[in-house]
Amino acid sequence: MSSCSKNPGFLVLYSFIKDALLSKVGVVKVWWECREEVERETYLDQPDDAFALIVSQPGVEVVEHTERDVPLLIGSESVMAGHSASEDARERAYNPAIHLLAKKMDRRVKPAGDELGPDRSQPPRPKLHDVTIEIRRRRECARVEGVTPEEFGISRRARSIKDTDYCFHDVFRTESQLIAQGYDREQVKKLPSYTLAHTIEEQARDTVNESTLRQGDDGLNTSSRLIRITEHYVRMDYKGNDEAALYRCTTAGEEGELLLRDSEADVVREDVIPFAAMTPVIVTHRFFGRSIADLVMDIQRIKTALLRALLDNAYLANNPRTEVPESHATETTLDDLLVSRPGGIVRTKMPGGLSVIEHPDIGNHVFPLLQYQDATREWRTGVSRQGQGVDPNALQNQVATIANQMFNAGQAKVKMIARIFAETGIRDLFSLLHMTIRKNGSQAQTVRLRNQWVTVDPRDWKARADMTINVGLGTGSKSEQLAHLQLIIGAQKEAIAAGLVSAKNLFHSAKELVKLAGHKNVDAFFTPPGAPADPNDPASAPIGPPADPKHAEIAARAQTDQAKITADAAHQKMKLDAQLAFEREKFALEKELKLLDLQIARERHQHDMARDAAKTMMDAAEHVEDARKRAGATAPAPLVS
């Protein structure tokens with residue numbers, strides 16, 4: 001068993017609401033549908049293992065099956081029991097898989113005589129299968145469908161569907177559908193076909209002559225002919241124990257013949273009447289209220305009469321009546337006047353005898369009446385030009401407060417109708433859906449709820465008797481809700497310092513803000529508190545909260561002081577390095593000066609020593625010379641011979 005496809009919710013609600021606005025009452029039906037679907041599939045040229053896998057699936061029924069041997073290639077010849085070479089070639093051309101499989105088998109072919117077993121018999125060859133199967137699946141789900149107003153009826157004494165003693169629903173089923181639902185085949189075959197529309201509503205709805213074409217193929221395809229079926233929901237004492245209970249009786253045709261199912265009358269005990277109804281304007285203590293069409297129908301007739309009079313006046317202005325004196329008329333004058341064409345000629349006895357009868361212009365009187373009828377319609381329905389934004393003069397010379405009051409006053413009736421729909425028909429619809437699923441659901445379903453896949457098991461709802469349905473009305477327009485939510489968010493920001501707001505509260509406000517903005521996926525804008533980040537997406541990690549402004553100021557001040565200290569240290573270091581470099585350079589210069597002084601002193605000393613040595617030598621030479629001179633003076637003179 002698996003769930004059916006989802007109901008077309010938009011179309012169901014659209015028809016539900018539109019029927020109520022136009023036809024006094026909109027009706028929908030809720031029921032649990034069980035049907036069996038058959039899927040037919042065909043597979044060609046499947047090997048043994050694939051064929052075994054296909055037929056082993058649950059719910060599979062083999063409808064057609066043929067098999068044949070795989071052709072084996074020995075040399076250049078194809079060997080296959082009961083097949084010629086041309087047939088084998090055609091099969092290989094049709095499906096290349098056969099050719100590949102045959103090649104694989106050809107690699108395993110042994111020499112002549114070796115492929116036979118001990119009993120000299122041919123070993124089994126692989127086969128190809130052509131198979132057609134049917135897969136049957138049982139589908140069960142809750143179904144919702146709008147009911148055509150003319151196909152639904154209820155007791156005149158009824159005030160609501162829940163309390164009524166009788167109501168009925170006309171449905172149209174084909175002959176094959178009734179037989180498939182288990183009704184007696186012979187009885188269905190004898191039922192008359194439904195041919196023409198027989199009610200005023202059906203005739204008014206049939207704008208394209210559908211009724212004349214509905215049964216066009218009865219003679220050729222009787223299985224598709226329509227049969228009128230009526231489901232009666234009546235509270236009666238069927239068992240004769242003086243206790244009235246709700247039963248569903250199914251009849252067919254105009255005569256109301258009770259249908260048979262499994263050789264028994266189709267009378268089934270029911271818990272509730274499976275219909276939900278609503279009306280836009282409630283008439284107290286009555287089931288049928290008034291539709292919007294009822295409120296404005298007389299206005300439409302009056303406007304039609306006024307517009308027709310205005311057009312008639314325009315016709316008379318273009319083709320006025322003419323006064324013809326008999327004294328000026330000839331035999332052809334009246335004929336010429338009856339033919340009105342541009343440039344036409346009117347023949348008279350003498351000129352000036354024809355006079356045009358003046359018709360008063362009624363446009364100045366009709367247009368105010370049309371505007372008055374429009375204002376009356378707006379007052380009755382609440383749908384105004386100001387509310388729709390189509391009146392260019394609506395906001396001239398008006399302040400915003402007055403315009404807003406006019407808009408709210410015009411929307412009050414519309415909101416009242418929406419509130420009536422929500423509290424009556426929509427509420428009953430979802431109550432019936434919940435009850436139907438709780439009663440018949442027997443398998444867990446996986447649905448997407450709040451952007452997460454959640455498993456829902458209706459079997460756990462058996463004790464769920466208390467259920468509250470909230471109606472999303474009465475909280476103001478969307479703009480008002482946005483303004484109120486922004487005030488709440490502002491108050492939450494102020495309450496953070498007092499510890500009155502949690503991260504969950506802030507996320508809830510953000511979620512409501514996203515919903516009011518028209519987006520469904522809240523996770524695309526905000527991350528729930530405590531949600532783990534996606535390891536494959538680093539950008540999904542939540543951003544940390546900003547620092548406290550005071551802490552940020554202290555951190556900035558500390559950073560500034562640290563920067564100042566660092567700058568001072570750097571400056572001191574630069575100063576010390578410069579001083580050390582200066583001292584080092586000064587020491588080097590002083591050392592160089594001292595070395596120069598020592599060199600100069602050494603050179604001076606050497607010069608002094610050289611001078612002293614020279615002086616000493618000169619003194620010694622002078623002393624020797626003096627001694628030599630003294631010695632020469634004292635010596636005797638030499639003898640002369």
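With which side chain does the side chain of T230 make a polar contact? In this predicted model, the partner is the side chain of D170, at 2.7 Å. T230 belongs to strand 9, which spans residues 226–236. With a relative accessible area of 7%, T230 falls under the 20% cut-off and is therefore classed as buried. Apart from neighbours within four places in sequence, the residues in contact with T230 are F168, H169, D170, C249, T250 and T251.

A second threonine, T164, is placed in the loop that runs between strand 7 (152–154) and strand 8. The relative accessible area of T164 is 1%, so this residue is also buried. When neighbours within four places in sequence are set aside, T164 is in contact with I154, S155, A158, R235 and I273.

The second largest pocket encloses about 1300 Å³ of space. Its lining is made up of 39 residues, of which W31, W32, E33, Q181 and E231 are the closest to the pocket centre. Several elements each contribute at least two residues to this lining: strand 2 (26–46), strand 6 (127–147), strand 8 (166–174), helix 5 (175–180), strand 9 (226–236), strand 10 (245–252) and helix 13 (400–440). Strand 2 provides the largest share, with eight residues. By residue class, the lining of the second largest pocket comprises 16 nonpolar, eight polar and 15 charged residues. Strand 9, in which T230 lies, is thus one of the elements that supply at least two residues of the lining.

How values were computed: Residues are numbered from 1 along each chain as its sequence is written. This is a predicted model: local features need pLDDT of at least 70, side-chain atom pairs count only at pLDDT 80 or more; totals for chains, interfaces and linings use all residues. Side-chain values use heavy atoms; hydrogens and water are left out. On a 1 Å grid over the protein atoms alone, a cavity is a set of points where a 1.4 Å probe fits but cannot get out, and a pocket is an open set with protein on both sides within 12 Å along at least five of seven lines; lining residues have an atom within 4 Å of a point. Grid points are joined across faces, edges and corners, and a volume is the space filled by probe spheres set on the points. Helices (H or I, at least four residues) and strands (E, at least two) are DSSP runs, numbered from the N terminus. Ala, Val, Leu, Ile, Met, Phe, Trp, Tyr, Cys and Pro count as nonpolar, Asp, Glu, Lys and Arg as charged, and the others, Gly among them, as polar. Buried means under 20% relative accessible area, exposed over 50%, partly exposed in between (1.4 Å probe, protein chains only). Contact means heavy atoms within 4.5 Å. A polar contact is a pair of N or O atoms within 3.5 Å; within protein, one must be able to donate a hydrogen and the other to accept it, and residues adjacent in sequence count only if both atoms are side-chain atoms.
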